[in-house]
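Work through the exercises below with the model open. Try each task before reading its solution.

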Amino acid sequence: MSDKLTHTDTDGAAHMVDVGAKTATKRTAVAEAHVSMKSATAELIKADAIKKGDVLAVARVAGIMAAKKTHELIPLCHPLAITGVDISFKWLSSSVLRVLATAKVDGKTGVEMEALTAATTSALTVYDMAKAVDKEMTISDVRLLEKTGGKSGTYQRDSA
């Protein structure tokens, strides 16, 4: 792995990496975020009893939209023709929701930022939808779990 930062020039100034000469490959990235809340809030979400509507359905759409707009939010990200985004949810306990985001592209640069943005935005949307009943919710453990494709190959986070 190179110690050189690719988003800075020889003078240390930030710049967008030129990916024009790179070969397009199938690339995927998987990221997660956790939303911790009161058990009563989780029960309301599970029962579709939050007044704003179906929390997980809205959070899913928000995550997909966010992945497609990542380049508008993160200054040095390239706009990508994303081929797929999947957002899923799993209750890890009576009060912790796991958001899992998978982004795919056939392109010259990876989709790690898109997956991370999707997971984070989905988690933020859960917060927004349920904040009227639980302002103490916490979003944590936002992280890349896996990426495939490209010159650097496959990365998989250790489970330890």
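The exercises cover salt bridges first, then one helix and one of its residues.

This is a predicted model, where local features need pLDDT of at least 70, side-chain atom pairs count only at pLDDT 80 or more, and totals for chains, interfaces and linings use all residues. Residues are numbered from 1 along each chain as its sequence is written, and side-chain values use heavy atoms, with hydrogens and water left out.

**Exercise 1.** Find the salt bridge between R98 and E32, and state which strands hold the two residues.

*Solution.*
- Start with the criterion: a salt bridge is a side-chain nitrogen of Lys or Arg within 4 Å of a carboxyl oxygen of Asp or Glu.
- The structure holds seven such bridges.
- For R98 and E32, the N to O distance is 2.6 Å.
- Next, place the partners. R98 sits in strand β3 (residues 96-107) and E32 in strand β1 (residues 25-36), 66 residues apart. Strands are DSSP runs of E, at least two residues; helices are runs of H or I, at least four; both are numbered from the N terminus.
- Now check exposure. Buried means under 20% relative accessible area, exposed over 50%, and partly exposed in between (1.4 Å probe, protein chains only).
- E32 is buried at 4%, whereas R98 is partly exposed at 22%.
- Finally, extend the pair: R143 joins E32 and R98 in a network of salt bridges.

**Exercise 2.** Which parts of the chain does the bridge between D128 and K52 tie together?

*Solution.*
- The side chains of D128 and K52 meet at 3.5 Å, N to O.
- D128 belongs to helix α4 (residues 112-130), and K52 to the loop between α1 (39-46) and α2 (55-68), so the bridge ties together parts 76 residues apart in sequence.
- D128 also forms a salt bridge with K131, with the closest N and O atoms 2.5 Å apart.
- D128 is partly exposed, with a relative accessible area of 32%. K131 is partly exposed, also with 32%.

**Exercise 3.** Check the span of α4, then describe the surroundings of T117.

*Solution.*
- The expected span of a helix is 1.5 Å times one less than its number of residues.
- With 19 residues, α4 should span 27 Å; its end C-alpha atoms are 28 Å apart, which agrees.
- Buried residues in α4 include L116, T117, A118 and V126.
- T117 has 10% relative accessibility, so T117 counts as buried.
- The T117 side chain reaches the backbone oxygen of M113 at 2.7 Å.
- Setting aside neighbours within four places in sequence, T117 is in contact (heavy atoms within 4.5 Å) with A66, T70 and L73.

Notes: Polar contact = N/O pair within 3.5 Å; in protein donor to acceptor, adjacent residues only side chain to side chain.
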